[in-house]
Amino acid sequence: MIESTLKSVVWSVQEYTIYTWRAVLCLFSPPVYWTDTLVQADTIGAGSALIVALTGFFLGAVLALESDSLLAGFGATGYMGRFVGMTLLIELGPVLTGIIVAGRNASTMASELGSMVVTEQVDAMSSLGVDPVRKLVTPRLVATMVTLPLLTLVADAFGLVGGGWISIVRLNIPWHKYLTDAYATAGWPDVIEGLIKPVVFAFILASDGCFYGMRTTGGAEGVSRSTIQAVVTSSVLILFADFLISRIMIQLFP
Amino acid sequence: MSDASFLSPARCPEPSDGTPPVVCFSNVYISFLGPAVLADLSFTVAPQETRILLGPAGVGKSVLLKLAMGLLRPSHGSIRLLGNEVTAMTEEELFPLRARTGMVFQESALFDSLSVRDNVAYQLIQARVPDEEIDQRVREALRFVELERTFDMFPGDLSGGMKRRVAIARALIRQPELILYDSPTGGLDPVTSTTIIELVMKQRDVYRTPSIMVTHRVQDAFMLCTHRFDTGVGHMVPLPKGETDPNTTFLMLDQGRMIFDGSLHELLHTEDPFVREFLE
């Protein structure tokens, strides 16, 4: 039982590695399907912008609201801008955007590709001489890796606005102090960390969504299983990668 | 001892008349983490030959077609397609080879987000053929399957039989060197099945493209063997009594093994109890 489970895990990791490597290599040889990439960027980027903005706004607002009493205990309410800005930039902005986009788009990728697999559309594509990895996976991977950092910036910006709204209206912190504080605290290492994370998270969620979609078996039930696996695995891996990147950045920029 | 270990070294035989077969399976064995799905499988498809693959459901007929296209890899054995050793080719090398063949899938496998025009023209669009030429060739292909009116429709608007006919048009549009039909009449009513078989026959008798047709419907197989497409009258007509199409022959699978390879006459007179039971 344990042996077969371990074998199955090793087999899956091997399959995933080979398949993502192929998807990346497809970028460096023709044909590259740029039109499909733009369509995916529109679906993933523009399609997720509103939900990401709203999430960012309320996240910033609740951060300010909840941390008020904590900071007041140290007489540090004036540092609200710093607290909200840093938390959003290096941690909650990338992670929550990653998880929201995983929920919205990794699931879409898995179910879309899974449906194509079980109805033999992927085999049909291969039989017509078109590489499904090149046509279906690479555009989704590239589009997600380009749009997720932009979506994270949207979440960060709206988070600052949300935090600012509570800080200014409820806590009576002057807006220029809130913004100056938030802006001045962030150094280059924080900006780099805040931008590396979404790129890594994008790779994880897109490759995961496509991987589970492309290995779907067993009809409608199989599609639903792949969708769940894609969302659960990519969410857990995003949190794990977040921990690793944070650890590395602390090591590099103590 | 594994099922594969007794097999002789895989190699396709040299043709006696110098004409290489379009497809050649030699000692092919495949399993999916369990017992063999296909074992010790050897057969050829000659130029202009139509091979009808019979067998009950779940016996590995669709797997055989996917092996021929390189969509699956055998655990052992040799598969040659259009002179290329499929088992030795990389995935990237296989795409141009597959583009020279056509395949009609069991459930049509049309791209449901694309129109009938874009489905049929899929290969031409990828090859960046000009739009005017695409439209003309798509209309020709749809005219062949008598569905020109569906040009702007989507797969969701078509009946099961119409989807199969569009799938046939998609497979034929680049005049492939081999066509594989995976149960093209499965799940269809008798009238629609006859229409599909007539199209398969039309393709066989007009273009002379070699093909493998998988089916478990004996009546379809016999009709293909005992009729020809008359281009003069525009439909199929029976061959004279006692005559059969010499280029249409039969293969039969049971439990992953080839149990019959021969003509209709040989099929009808075989002593194999399973074949007799299947035919009856």
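A residue is called buried if 20 or more other C-beta atoms lie within 10 Å of its own, exposed if 12 or fewer do, and partly exposed in between, with C-beta atoms placed from the backbone. This is a predicted model, in which local features need pLDDT of at least 70, side-chain atom pairs count only at pLDDT 80 or more, and totals for chains, interfaces and linings use all residues. Residues are numbered from 1 along each chain as its sequence is written, and chains are lettered from A and ligands numbered from 1 in the order in which they are written.

**Exercise 1. Describe chain B as a whole.**

Step 1. Buried residues make up 43% of the 280 residues in chain B.

Step 2. Helices (H or I, at least four residues) and strands (E, at least two) are DSSP runs, numbered from the N terminus. Chain B has 10 helices and 12 strands.

Step 3. The C-alpha trace of chain B spans about 60 × 50 × 40 Å along its principal axes. The radius of gyration is taken over C-alpha atoms, and the globule rule is 2.2 Å times the number of residues to the power 0.38. For 280 residues a compact globule would have a radius of gyration near 19 Å, and the 19 Å of chain B agrees with that.

Step 4. Two residues are in contact if their C-beta atoms, placed from the backbone, lie within 7 Å. Of the contacts in chain B with a separation of 6 or more, 63% are between residues 24 or more positions apart.

**Exercise 2. Describe chain A in the same terms.**

Step 1. Chain A has 8 helices and 0 strands, and its pattern along the sequence is α-α-α-α-α-α-α-α.

Step 2. Its C-alpha atoms fill a box of roughly 65 × 45 × 35 Å along the principal axes. Of the 254 residues in chain A, 44% are buried.

Step 3. Among contacts in chain A between residues at least 6 apart in sequence, 89% join residues at least 24 apart.

**Exercise 3. Trace the open sheet of chain B that contains β1.**

Step 1. Two strands pair if DSSP finds at least two bridges between them. In this sheet 4 strands of chain B are ordered β2-β1-β4-β5, with antiparallel pairing. The edges are β2 (36-45) and β5 (84-85) of chain B, each of which pairs on one side only.

Step 2. Take β1(B) and β2(B): 6 bridges join these antiparallel strands. One bridge pair is B:Ser31 with B:Ala36 in β2(B). The two strands form a hairpin with 4 residues between them, and B:Leu33 in the turn has a positive phi of about 50°.

Step 3. Now take β1 (residues 23-31) and β4 (residues 76-81) of chain B, antiparallel strands joined by 5 bridges. B:Val23 stands opposite B:Leu81 in β4(B), and B:Tyr29 stands opposite B:His76 in β4(B).

Step 4. Since 8 of the 9 residues of β1(B) are buried, the strand is largely enclosed by the rest of the structure.

Step 5. Axes are lines fitted to C-alpha atoms, for helices over the stretch in contact, and angles run from 0 to 180 degrees between N-to-C directions. Helix α1 (residues 61-68) of chain B lies across β1, β2 and β4 of chain B, at about 120° to β1(B).

**Exercise 4. Which helix of chain A packs with α3 (residues 80-118), and at what angle?**

Step 1. The partner is α7 (residues 188-214) of chain A; the angle is about 15° and the axes are 7 Å apart.

Step 2. Angles under 35 degrees count as roughly parallel, over 145 as roughly antiparallel, 65 to 115 as roughly perpendicular and the rest as oblique. α3(A) and α7(A) are therefore roughly parallel to each other.

**Exercise 5. Place three loop residues of chain B and state how buried or exposed each is.**

Step 1. B:Gln48 lies in the loop between β2 and β3 (50-54) of chain B. Its phi is near 65°, a positive value in a residue other than glycine. With 15 other C-beta atoms within 10 Å, B:Gln48 is partly exposed.

Step 2. B:Arg128 is in the loop between α4 (122-126) and α5 (131-144) of chain B. Its phi is also positive, about 55°, although B:Arg128 is not a glycine. B:Arg128 has 8 C-beta neighbours inside 10 Å and counts as exposed.

Step 3. B:Ala121 belongs to the loop between α3 (116-120) and α4 of chain B. It has 24 C-beta neighbours inside 10 Å and counts as buried. Leaving out residues up to four places away in sequence, B:Ala121 touches B:Ile134, B:Val138 and B:Ile173.
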